[in-house]
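Hi,

Here is the structure I promised to pass on. Have a look at it first, and then read on for what turned up in it.

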Amino acid sequence: MVPSREALLGPGTTAIRCPKKLQNQNYKGHGLSKGKEREQRASIRFKTTLMNTLMDVLRHRPGWVEVKDEGEWDFYWCDVSWLRENFDHTYMDEHVRISHFRNHYELTRKNYMVKNLKRFRKQLEREAGKLEAAKCDFFPKTFEMPCEYHLFVEEFRKNPGITWIMKPVARSQGKGIFLFRRLKDIVDWRKDTRSSDDQKDDIPVENYVAQRYIENPYLIGGRKFDLRVYVLVMSMFTSPTWLCKKHLPTTTQRRWLLEVNASPSLTASSQEDYELKTCLLEDTLHVVDMEARSLRADSPCW
């Protein structure tokens, strides 16, 4: 877990600064010339590698200056690969913001998300009782494969003939997903994920989740649909969570599949999509408040 003062940023993503224990060590630093955390700043040095709606919004924001290559920055909308490779070696001053939690994968990897949802449900049962925990039923029966294979088989045999869906835990865009109704399909899958005998000990089997398929989902015009919800999380602890309500349809609630995207697409597919994402990003930057406008008596309260 990161310290409680870590700030977060981004629709479905978060922002953090470097832990204090690294401050006196030989790490590359950012924002060191800017002083205190809430000091008002006339200009904000930003960096990103995304050439889409995000770049348009950042470049048009008054007082924001783009930084390239190895220049010092105050705000970096980074990707998860940069976070993984650089976070432990980078000191960031109090006011600096980046666009991910260090441990974002606890929600963005399918197996970890299910693990945490099950943990939350058990905690809810202990603290509030079974009736309250029963309300936490918005995700279907799920098992991690292959480590929970035997538990899955036990559940599978209780309800023969139903459809299940298999999804790789760390892939996206529908890659590697398939449906099945027979255990034989899983046996064949397990064989396919293994290499030859002389290599199988060196190459780990890719982890999947097996979920009970929702066979009677809510439809719009006879078609299944995705509901994309953008959420800004400013802290892991006490800070409020911000929900973007623009263009979210109101529908009858039914059981649904839940996934959390670490890097939601900010590339616009239409003019309407561009306007939606532009407003979303502008609101995000208002809430993050790099300029420390909330210190001024005449500033709006975001």
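Let's start with one residue: at 29% relative accessibility, Tyr112 counts as partly exposed, because buried would need under 20% and exposed over 50%. Its ring pairs with the ring of Tyr105, with the centres 6.0 Å apart and 55° between the planes, which makes the pair tilted. Tyr105 is partly exposed too, at a relative accessible area of 35%.

Before you go further, keep in mind that this is a predicted model.

**The whole chain**

The protein chain has eight helices and twelve strands. Of its 302 residues, 40% are buried. Take the contacts between residues at least 6 apart in sequence: 66% of them join residues at least 24 apart. For a single example of sequence against space, try Ser263 and Cys78, which are 185 residues apart along the chain but have C-alpha atoms 9.7 Å apart. You'll find Ser263 in the loop between E12 and H8. Once you set aside its neighbours within four places in sequence, Ser263 touches Val80 and His100. With a relative accessibility of 42%, Ser263 counts as partly exposed.

**Rings and charges**

How many aromatic pairs does the structure hold? There are 17. One of them joins Trp73 and Trp82, an edge-to-face pair with 6.0 Å between centres and 70° between planes. Both of these tryptophans are buried.

There is also an aromatic cluster, made up of Phe143, Phe152, Phe156, Trp164, Phe178, Phe180 and Tyr208. Phe143 has something else going on: the charged end of Lys118 sits over its ring, 5.5 Å from the centre. Lys47 does likewise with Tyr76, its charged end sitting over that ring at 5.2 Å from the centre.

**Strand E8 and its partners**

Trp164 from that cluster takes us to strand E8, residues 164–168, where five of the five residues are buried. Both faces of E8 are covered, with Trp164, Met166 and Pro168 buried on one side and Ile165 and Lys167 buried on the other.

Which strands pair with E8? One is E9 (residues 178–180), which runs antiparallel to E8 and is joined to it by three bridges. In that pairing, Trp164 stands opposite Phe180, and both belong to the aromatic cluster. The other is E10 (residues 208–212), also antiparallel, with five bridges. There, Lys167 has Val209 as its bridge partner.

**Helix H6, a two-sided helix**

Phe152 and Phe156, also in the cluster, are among the buried residues of helix H6 (149–158), together with Tyr149, Val153 and Glu155. These buried residues cover an arc of only 170° around the axis, so they lie on the same side of H6. The face turned away from that side carries exposed residues: His150, Arg157 and Lys158.

Just before you reach H6, look at Pro146 in the loop between strand E7 (142–145) and H6. The peptide bond joining Met145 and Pro146 is cis, with omega at about 5°.

**Helix H8 and what follows**

H8 runs from residue 271 to 288, so to speak 18 residues in all, and reaches 26 Å from its first C-alpha to its last, close to the 26 Å expected. Its buried residues include Asp273, Leu276, Lys277, Leu280, Leu281 and Val288. What covers them? Among the elements that do are helix H1 (53–59) and strands E3 (64–66), E4 (75–77) and E11 (231–233).

Right after H8, Asp289 takes a positive phi of about 55°. Ala292, in the segment after H8, also has a positive phi, of about 60°, although it is not a glycine. Why point these out? Most residues other than glycine have a negative phi, and most peptide bonds are trans.

Asp69 has a positive phi as well, near 55°, and lies in the loop between E3 and E4. Are Asp69 and Ala292 buried or exposed? Asp69 is exposed, with a relative accessible area of 63%, whereas Ala292 is buried at 0%.

Have fun turning it around on your screen!

Definitions and conventions
Residues numbered from 1 in each chain as written. Predicted model: local features only at pLDDT ≥ 70, side-chain atom pairs only at ≥ 80, totals over all residues. Heavy atoms only, no water. Helix = DSSP H or I, 4+ residues; strand = E, 2+ residues; numbered from the N terminus. Expected span 1.5 Å × (residues − 1). Buried < 20%, exposed > 50% of the residue type's maximum accessible area, 1.4 Å probe, protein only. Contact = heavy atoms within 4.5 Å. Pairing = 2+ DSSP bridges. Arc of directions from axis to C-beta. Phe/Tyr/Trp six-rings, centres within 6.5 Å; stacked < 30°, edge-to-face > 60°. Lys NZ or Arg CZ within 6 Å of the ring centre and 35° of its normal.
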